[in-house]
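Trainee: Could you take me through one part of this model up close? I'd like to hear about the sheet with mixed pairing, and what sits on it and ties it together.

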Amino acid sequence: MLAPLPAAAHRGHGALSVVEIDGKTGAVLVSHRIPAHDAEPALALIAPEAQASLDDPDAIEALKGYMATHFTVAAAGAPIALTLKDMTLGADEVRLEYVGRIPPAAVSGDITVQAAMFGDVYGDQVNQVNIRRLGVTRTLIFNGPDAATPQTLDAVAH
């Protein structure tokens with residue numbers, strides 16, 4: 001019998017992001033869930049002057065900056081300013097939560113997302129972004145080096 005290989009248990013690299021847009025107020029909540037076993041080794045490239053550890057404050061600051069430039073959302077053609085509200089560094093997962101706001105009139109407009117997190121680090125990176133607005137959830141998938149290419153959800157009837 002063959003013993004299971006440790007690498008066989010690893011399913012690849014991926015992150016889950018959720019963008020929730022409140023149809024009445026225009027409030028935007030973005031959450032990212034990243035496996036710690038993906039985030040920590042990536043710190044060697046993201047924060048080369050720091051230790052590649054989720055325990056290093058300099059590495060965490062670099063990760064925050066990296067996320068701000070590698071994940072963007074725009075509504076009706078206007079970038080949404082996202083502010084980091086909370087960050088949880090768990091043994092298994094890194095979770096980041098951001099808040100923003102758009103004019104309520106833009107809620108039903110086009111939503112453009114760039115989810116390039118770790119696509120420059122891992123060739124097999126897959127980022128899933130669920131966008132919830134007006135009672136509907138739509139999913140966008142961003143793969144590896146192509147993750148930097150923005151994707152747009154068309155406007156919806158309000």
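Mentor: Here's a walk through that sheet, with a short look at its neighbour at the end. Keep in mind that this is a predicted model.

Let's start with the layout. Six strands make up an open sheet with mixed pairing, and their order across it is 5-6-2-1-8-9. The two ends of that order are strand 5 (83–89) and strand 9 (136–143); each has a single partner strand, so one side of each is left without a neighbour in the sheet. Going from one strand to the next, the twist averages 15 degrees.

Take the strand 5 end. Strand 5 runs antiparallel to strand 6 (residues 93–101), and six bridges join the two. If you want a spot to click on, try Thr 83, whose bridge partner in strand 6 is Val 99.

Now for the helices. Helix 2 (residues 36–46) packs on the sheet and touches strand 1 (14–21), strand 2 (27–35) and strand 6. Its direction makes about 85 degrees with that of strand 2. Helix 3 (residues 57–70) packs on the sheet as well, touching strand 2, strand 5 and strand 6, and its direction makes about 130 degrees with that of strand 5.

Next, the charged pairs. The model has four salt bridges by the rule used here. One of them joins Glu 20 and Arg 132, with the closest N and O atoms 3.6 Å apart. Glu 20 belongs to strand 1 and Arg 132 to strand 8 (residues 126–133), so this pair ties together parts that are 112 residues apart in sequence. Glu 20 has a relative accessible area of 33%, which makes it partly exposed, and Arg 132 is partly exposed too, at 36%.

Glu 93 and Arg 33 form another salt bridge, where the closest N and O atoms are 3.0 Å apart. Here Glu 93 sits in strand 6 and Arg 33 in strand 2, 60 residues apart, so you can read it as a link between distant parts of the chain. Both ends count as partly exposed, Glu 93 at 27% relative accessibility and Arg 33 at 35%. There's also a salt bridge between Arg 95 and Glu 97, with 3.7 Å between the closest N and O atoms. Arg 95 is partly exposed at 28%.

For a buried residue, go to Asn 130 in strand 8. Its relative accessible area is 11%, and the cut-off for buried is under 20%, so Asn 130 counts as buried. The Asn 130 side chain makes a polar contact of 2.8 Å with the side chain of Thr 139. Beyond its neighbours within four places in sequence, Asn 130 is in contact with Leu 16, Ser 17, Val 18, Val 19, Thr 137, Arg 138 and Thr 139.

Last stop: the neighbour I promised. There's an open sheet of four strands in the order 4-3-7-10, with antiparallel pairing. Its edge strands, strand 4 (78–79) and strand 10 (151–153), each pair on one side only. Strand 3 (residues 71–75) pairs with strand 4 over two bridges, and Ala 75 has Ala 78 of strand 4 as its bridge partner. Helix 3 turns up again here: it lies across strand 3 and strand 7 (111–115), running at about 40 degrees to strand 3. Helix 3 therefore has contacts to follow in both places, since it packs on the six-strand sheet and lies across strands of the four-strand one.

How values were computed
Residues are numbered from 1 along each chain as its sequence is written. This is a predicted model: local features need pLDDT of at least 70, side-chain atom pairs count only at pLDDT 80 or more; totals for chains, interfaces and linings use all residues. Side-chain values use heavy atoms; hydrogens and water are left out. Two strands pair if DSSP finds at least two bridges between them. Axes are lines fitted to C-alpha atoms, for helices over the stretch in contact, and angles run from 0 to 180 degrees between N-to-C directions. Contact means heavy atoms within 4.5 Å. A salt bridge is a side-chain nitrogen of Lys or Arg within 4 Å of a carboxyl oxygen of Asp or Glu. Buried means under 20% relative accessible area, exposed over 50%, partly exposed in between (1.4 Å probe, protein chains only). A polar contact is a pair of N or O atoms within 3.5 Å; within protein, one must be able to donate a hydrogen and the other to accept it, and residues adjacent in sequence count only if both atoms are side-chain atoms.
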